[in-house]
Each structure stands twice: as structure tokens, then as C-alpha cells.
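Please open the model in your viewer and keep the sequence panel beside it, since this tour moves from one selection to the next.

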Amino acid sequence: MVKADANISTKTYIDRSSSKFQNPNFAIEENRLLVCVKKMEVGVGFDENDYLSCCGSTKFAKEMAAASPFPSYHRALTVAKHIWFNIVDVNGWLQAFSAHPSIGQPRPPSHASATSAEWSIGEQSTALATSTASSLQELAEWNARYMQKFGFVFLVCASGRSTESLLAELKRRYANKPIVEFEIAAQEQMKITELRLGKLFTSKKNISSTTDTNSIAVAQSQRAEVRVSIIGGHVTAAASNTLTGKSIQNTSRTRPAITTHVLDVSRGYPAPGIEVLLEVWRGSQAGPTFGITDGGGWVVLGSSTTDSDGRSGQLMDIVDDVDPGIYRLTFNTGKYNPTGFFPYATIVFEILESQKREHFHVPLLLSPFSFSTYRGS
């Protein structure tokens, strides 16, 4: 049984490794949670079932319940990490992994709690919002390969991440040795547990009777914002932090600045299954020069595959101001039409400083022996 020893240092939590910040939303979520719970004693009145929603290991839940309550959010996380990495055994890790749904399929296993199921849906909301039928199919296929190789579900802290990002990580981690991947999965489980503990500790149930009246009012008003807008998967609306007086700046766009679709004009139908690559010029010269080899100045922003409507998935981050510069869309048309004239089609275009807040829809109109494009909206 682990007790919240006053001598346990929180430095391991504060100085966490940079790998956790591969997802920039993670740091924002944690900082908002710290502001919300820093005045509260956390874990008051929680039992094993509450902690089981944060981590599917019964051993973890039992130890956390025994160690509760905690004098601070930092202390709770320090104890949680100690329990997870030093007390829970291999079987407990596998039990926790099994409580998660596959990425791209947020319906949880039948043995997962209702709260855990709700949180899983929120954590995958960005991935589902940026997915296409073809990307979800590819994700399902790679999930099956991963399960067959490693024997447990592909586990990743999916909060705020697109389908393409998650699929790329799945493919990268599939090459790992089983012992290496097992450790990585445990680290990802801890990230998820941290976010879920934050949700749990900002719930109304957690507010201690010893907390002053002002802290209660602030915590209650912040709870819905933290749980829905921040932790639930992605930042969806601008919100004001009443504790610091600072405004959280979020993008006003609802889609990426650059989008595309492909129409097969020879058939009069959308062209599904075409691989699309978006790149931006980052070479030493101001831009690529006609007739001169670019020397590797192109940098990939994202890739996708067109869905049944011929539309690609998300090819770049959603930001208010797109970087001015020269961009290139490349379509794998040869794979779509092996007997056609074009093995691939490339469209190069420029976005000016004065256009950085505009939307650029750059479709491809394709036939076996010709293609054209235009700038749409």
C-alpha cells in the first residue's frame, strides 16, 4: 500500500521528458488543470471504481484509493506514477491496456466502466473528426497487425491528435521489438492516466469541505470547461481563464487552410483511394526555380488518401494564419489509374502574405490523358 509521503519529491513530475510534448495540447491541458486544482485537497471520497476509470488496472485503483486523499494535484500524480511503474506488475499493465478501445474505434471493451468509455470517446474526438473512410480502414488494418504482433491494443495518448498522426505513429512503432513496445505502451498509459486524474479531480465530487468558498466557486465554474474543452480531446472554443485573467487563444478556422479533392472527369464521379501529399518549400533559396533541381528543399506537411467523396483527410494543422510560401500537392494518380498517362500529378502554388487568412481549396480534375486544377473555396 502506498501512502502520500510528504518527502516524496514532485520534481519527477515537473521535469518530465520532452517526449510528452509531442502533442502540444497536452501541456495546455495540464497547465489548465493545475490552475483549477492547486488550491484543493484532491481525491477526497474517491474509491477504487473512481480510479479504475483513470487506469484499468485493479491493482493501481486499489493502491490509489488506499493512498487518498492527497494534499495536492502534484502529489497525487507523483504517487500515481510510483504505483504504476513500481508496484503494478506485468499482468496489471496488460489489464489496463485491455480497457482501451482500438484507435479509430472509440467503442470501449465491455468490461470498461461507463466513465472510462465516455472519456475514451472524448480523447479520440479529434482523430474521428479528421478521419476519412479510407484512413479509418487503413487504421483498422494496422491495429490488427499490431495486435497480432504484440498481443495487446495499440496504446497512445490520442488527445488532440489527428488520424493521420496516429496512423503514422502506429506504423513507426510497429517496427519495435516487443519488449521495447511494451515499455512505450506503459508510458502512454501513464499519460492517459494523468489526463483522466485531472478530469476526476476537477469533478464536483472532489471538492473538499475544507476548501474555502471562493475556491469552490472557481472550481465548479472551471470544471465543465476543463472536462469538455480541454481534456476531452481537443480545444474547441476560446475560453477565458478566470483565475489568471488570461485568454486562451484558439483558431477560428474549422478546417485546414489548404484542402483538396479529386474528381474523375472521365467517369463523372469522385476518385477515391488516391494518395495525396502536401509539401511546403523550405529550401535555402526564396523558392524553387524552374529548370533547377530543388536539392531537397521540400518539406512534407502531411499526407492522406481520398475518401469515397474524393476528398482528402487533414493535410496540415488547423491554424489562423497559414505561413506564406510555395506549396506543392502531389497525387499518386498512377496507382489509381495504372493505364493512364500520368504516374503522378503535381500542383505547385504560392500563398502570399496578404492571403494568409484565406482558404485554399485546390482540387484535381483527372482523366487518363489530362488533368486540370483551379483555386476554389
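Begin inside this predicted model, where the largest cavity holds about 140 Å³ of space. To find it, select His100, Ile103, Glu123, Val156 and Ile192, which are the closest to the centre of this cavity among the 15 residues that line it. The structure as a whole holds four cavities of 30 Å³ or more, and this tour stays with the largest one.

Next, colour helix 7, which covers residues 114–123, and helix 11, which covers residues 178–201, because these are the elements that give two or more residues to the lining of the largest cavity. Helix 11 provides the largest share of that lining, with three residues. If you then colour the lining by residue class, you should find nine nonpolar, four polar and two charged residues.

Now leave the cavity and turn to a sheet. Select strands 7, 6, 8 and 9, which in that order form an open sheet of four strands with antiparallel pairing. At its edges lie strand 7, residues 298–305, and strand 9, residues 345–351, each of which pairs on one side only. As you rotate the view across the sheet, keep in mind that its twist averages 20° from one strand to the next.

For the last stop, select strand 8, residues 325–331, together with strand 9, and follow the seven bridges over which the two strands pair in the antiparallel sense. Which residue of strand 9 is the bridge partner of isoleucine 326? Select glutamate 350, for that is the residue in strand 9 with which isoleucine 326 is partnered.

Notes:
Residues numbered from 1 in each chain as written. Predicted model: local features only at pLDDT ≥ 70, side-chain atom pairs only at ≥ 80, totals over all residues. Heavy atoms only, no water. 1 Å grid on protein atoms, 1.4 Å probe; cavity = no way out; pocket = protein on both sides within 12 Å on 5 of 7 lines; lining within 4 Å. Points joined across faces, edges and corners; volume = space filled by probe spheres on them. Nonpolar A, V, L, I, M, F, W, Y, C, P; charged D, E, K, R; others polar. Pairing = 2+ DSSP bridges. Axes fitted to C-alpha atoms, helices over the stretch in contact; angles between N-to-C directions.
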